[in-house]
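Let us walk through this structure from its domains to its loops. Keep the sequence and the 3D view side by side.

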Amino acid sequence: MSATIIDGKAFSAKIRGRVAEEVAALKRDHGLVPGLAVVLVGADPASEVYVRSKGRKTVEAGMESFEHRLPAETTEADLLALVEKLNTDPAVHGILVQLPLPKHMNADAVINAIDPAKDVDGFHISNVGLLGTGQKAMVPCTPLGCLMMLRDHLGDMSGKEAVVIGRSNIVGKPMAHLLLGESCTVSIAHSRTKDIEEVVRRADIVIAAVGRPGMVKGAWIKPGATVIDVGINRIDAGDGKTRLVGDVDFDEAREVAGAITPVPGGVGPMTIACLLANTVTAACRANGLPEPEGLTV
Ligand SMILES: NC(=O)C1=CN([C@@H]2O[C@H](COP(=O)(O)OP(=O)(O)OC[C@H]3O[C@@H](n4cnc5c(N)ncnc54)[C@H](OP(=O)(O)O)[C@@H]3O)[C@@H](O)[C@H]2O)C=CC1
Ligand SMILES: Nc1nc(=O)c2c([nH]1)NC[C@@H]1CN(c3ccc(C(=O)N[C@@H](CCC(=O)O)C(=O)O)cc3)C=[N+]21
Ligand SMILES: [Mg+2]
């Protein structure tokens with residue numbers, strides 16, 4: 001029996017279509033054009049790919065895209081000054097500072113300088129606190145995209161065993177909060193977890209967010225489980241080229257799982273769609289307009 005492949009690329013195109021409809025309505029009825037500012041410090045080649053792809057999809061959805069590329073030597077004070085300028089710019093409804101930042105910067109200080117209402121990544125401590133207490137927040141894009149796929153595929157998740165592998169602030173922890181909100185029984189595994197295979201084997205829902213290519217083996221998966229692979233790992237393809245793989249051994253896992261997301265074409269495209277969705281939500285809230293249905297949780 002082979003798993004259903006959850007098509008994040010197709011699902012993300014649907015969400016971006018919904019975003020485009022909402023943007024068109026905001027323009028028509030309120031003369032409002034949602035704007036997203038992306039700040040990239042340094043020239044990390046992987047980040048370049050995301051920034052370009054985000055910028056293109058933002059414009060395709062009818063929104064304004066502002067890109068700020070700063071040299072790696074930029075001082076924290078200069079970056080904070082840019083953030084402050086974006087905070088007060090009425091054309092900017094969403095601000096994303098690409099992570100990781102260069103080592104000489106305090107990333108927490110930079111993130112917490114962003115106006116929480118414009119924090120479309122959901123990384124500001126106010127949004128983290130709101131999410132953690134079950135209040136209306138800006139929800140981090142990657143976990144939000146994962147949740148949308150899970151709801152679409154599984155419907156009610158109440159009482160299911162969910163295991164999140166990875167405890168980062170940007171994926172693992174917010175993902176665990178969202179799954180608690182769905183009334184799952186949630187475990188978080190990490191590098192110090194003892195007998196991780198056994199922890200994963202009891203899960204009806206597995207979220208892998210580790211950054212280790214193919215770490216999760218087929219034998220770890222409970223038959224029929226739903227597997228969401230967040231990992232984005234560039235590996236040597238052997239022919240002088242590279243290719244992207246997830247944190248799950250896809251070929252093994254697809255023979256055991258009930259459903260699985262591929263890499264590429266799974267969580268990644270959903271992350272970008274959710275970023276656009278969060279920008280529309282932020283623009284509506286900033287203008288006292290009702291926020292569109294179905295673009296957040
Ligand atoms: N598709 C998308 O849109 C996105 C994809 N990603 C990808 O997701 C992956 C995770 O990203 P991120 O959360 O930022 O990564 P981090 O490096 O911040 O966190 C990795 C987590 O994995 C845990 N871990 C590391 N090794 C092991 C191990 N051997 N066994 C169990 N747990 C382990 C770490 O544990 P500990 O805390 O103990 O060190 C840590 O909690 C990466 O591949 C990244 O590229 C990230 C963001 C968005
Ligand atoms: N402040 C901040 N917010 C982030 O959300 C953030 C970040 N920093 N830093 C880096 C990570 C990583 N990330 C990805 C988003 C989309 C794809 C994506 O679209 N991937 C495609 C493939 C892209 C390709 O081919 O290179 C896919 O999986 O199909 C991947 C990775 C967001 N991140
Ligand atoms: Mg994100």
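Helices and strands here are DSSP runs, numbered from the N terminus; a helix needs at least four residues and a strand at least two. The model is predicted.

With that numbering, start at Gln98. Gln98 sits in the loop between strand 4 and helix 4 (107-111). Is this residue buried or exposed? The cut-off for burial is 20 or more other C-beta atoms within 10 Å. Gln98 has 20 other C-beta atoms within 10 Å, so it is buried. Which residues does Gln98 contact, once neighbours within four places in sequence are left aside? They are Val38, Val39, Leu40, Ser47 and Val51. Gly42 is 56 residues away along the chain, yet the C-alpha atoms of Gln98 and Gly42 are separated by 9.9 Å.

Step back to strand 4 (94-97). Both of its faces are covered. Gly94 and Leu96 are buried on one side, Ile95 and Val97 on the other. Strand 4 pairs with strand 2 (residues 35-41) in the parallel sense, over four bridges. In strand 2's partner, Gly94 is the residue that stands opposite Leu36.

Return to the loop that follows strand 4. Pro100 is found there, between strand 4 and helix 4. The peptide bond joining Leu99 and Pro100 is cis, with omega about 0 degrees. A second cis peptide bond joins Val263 and Pro264, again with omega about 0 degrees. Pro264 lies in the loop between strand 11 (259-260) and helix 10. Most peptide bonds are trans.

Now turn to ligand 2. Its surroundings comprise 19 residues. Which of them come nearest? Val49, Leu99, Pro264, Gly268 and Thr271 do. By class, the shell has 12 nonpolar, six polar and one charged residues. Helix 2 (45-60), strand 4, helix 6 (141-154) and helix 10 (267-286) each supply at least two residues. Helix 10 gives the largest share, four residues. The shell also draws on both domains, with at least three residues from each of domain 1 (33-115) and domain 2 (141-268).

How far apart are the centres of domain 1 and domain 2? Taken over C-alpha atoms, they are separated by 28 Å. Next, look at the packing. The largest nonpolar core has 86 residues. Inside this core, Ile165, Val206 and Ile207 have the most contacts. Helix 10 provides the largest share of the core, 12 residues. Domain 1 and domain 2 both give residues to the core, so it lies between them. In soluble globular proteins, nonpolar side chains tend to be buried together. Take Val206 as an example. Not counting residues up to four places away in sequence, Val206 touches Val163, Val200, Ile221, Ala225, Val227 and Ile228.

Finish with two backbone outliers. Most residues other than glycine have a negative phi. Ser183 has a positive phi, near 65 degrees. Ser183 is placed in the loop between helix 7 (172-181) and strand 6 (185-189). It has 12 other C-beta atoms within 10 Å, so it is exposed. Asp195 is not a glycine either, and its phi is positive at about 50 degrees. Asp195 lies in the loop between strand 6 and helix 8 (196-201). With 9 C-beta neighbours inside 10 Å, Asp195 counts as exposed.

Definitions and conventions:
Residues are numbered from 1 along each chain as its sequence is written. Chains are lettered from A and ligands numbered from 1 in the order in which they are written. This is a predicted model: local features need pLDDT of at least 70, side-chain atom pairs count only at pLDDT 80 or more; totals for chains, interfaces and linings use all residues. A residue is near a molecule or strand if its C-beta atom, placed from the backbone, lies within 6 Å of it. Ala, Val, Leu, Ile, Met, Phe, Trp, Tyr, Cys and Pro count as nonpolar, Asp, Glu, Lys and Arg as charged, and the others, Gly among them, as polar. Domain bounds come from an automatic or database domain assignment. Two residues are in contact if their C-beta atoms, placed from the backbone, lie within 7 Å. A nonpolar core is a set of buried Ala, Val, Leu, Ile, Met, Phe, Trp, Tyr and Cys residues joined through C-beta atoms within 7 Å. Two strands pair if DSSP finds at least two bridges between them.
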